[in-house]
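Q: Please take a close look at one helix packing and the salt bridges around it. Keep it brisk.

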Amino acid sequence: MTDQNSATANQNSTTEMQYRPDEVQREFDIKSAQYYERLKFLGIKAHKDEKGKAYLDQSQFDRMKRLDHHIRETGEMDGFIDSEGGELAPVNSANLAAVEGSDLAEPIPAVEEPTIENGLGKQIFRAAAELKASELAMIPQVVREVANRMTKDDLPEDLKAQVERTEEATRPNFHPSAIADKLMEQLRQSRQVA
């Protein structure tokens, strides 16, 4: 049986898709350890078929797919919000808060405030830093290009006056041709003496 048909062949009697661990690992190009790490992170418990072989159902596979997309974008699992599934990725038990007077079987995870030490804080800081770096890199380039295209006539009046004052102060009070004539005369005289 080919790999392409294996997922189709792994359907149970209710036509629910069954994704075997090796198929999921190939799909996301991950190793076995990464597969189990992601299952644990998402709080997914794989199903077992009548032969005792593990598989993920369509919903579990879709969650793994959304987590894989998040990891490819950010480089880490932290900060993953399962938006399409309408749920946050599970928080470890140290961060769970019990609901007083509730009949809930499981505690509700506490919403963690972003800090520089946790994943969400790191993600926010990284996004902000990338935005600032982009601004810092772009603004000087755009300013330089606008300046390259300007002439003195494009300047605001105060800057135009400043340029004109500088030009006046550095302008020689004599004519270049007079200086050239004087230098040539001195050169010719020094040759006659030698």
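A: What follows covers one helix pair and its charged contacts.

The model is predicted: local features need pLDDT of at least 70, side-chain atom pairs count only at pLDDT 80 or more, and totals for chains, interfaces and linings use all residues. Residues are numbered from 1 along each chain as its sequence is written, and side-chain values use heavy atoms, without hydrogens or water.

Helix 3 (residues 32–42) packs on helix 4 (residues 58–74) at about 105 degrees, with axes 11 Å apart. Helices here are DSSP runs (H or I, at least four residues), numbered from the N terminus. Axes are lines fitted to C-alpha atoms over the stretch in contact, and angles run from 0 to 180 degrees between N-to-C directions. The pair is therefore roughly perpendicular (65 to 115 degrees).

Helix 3 contributes Y35, R38, L39, F41 and L42 to the contact; helix 4 contributes R63, M64, L67, D68 and I71. Contact means heavy atoms within 4.5 Å.

R38 and D68 form a salt bridge, with closest N and O atoms 2.8 Å apart. The term requires a side-chain nitrogen of Lys or Arg within 4 Å of a carboxyl oxygen of Asp or Glu. This pair joins helix 3 to helix 4 across 30 residues. R38 is buried at 7% relative accessibility, and D68 is buried at 7%. Buried means under 20% relative accessible area, exposed over 50%, partly exposed in between (1.4 Å probe, protein chains only).

D68 also bridges to R72, at 2.8 Å from N to O. D68 and R72 sit four residues apart in helix 4, about one turn. R72 is exposed at 56%. Together, R38, D68 and R72 make a salt-bridge network.

Terms used. Helices (H or I, at least four residues) and strands (E, at least two) are DSSP runs, numbered from the N terminus. Angles under 35 degrees count as roughly parallel, over 145 as roughly antiparallel, 65 to 115 as roughly perpendicular and the rest as oblique.
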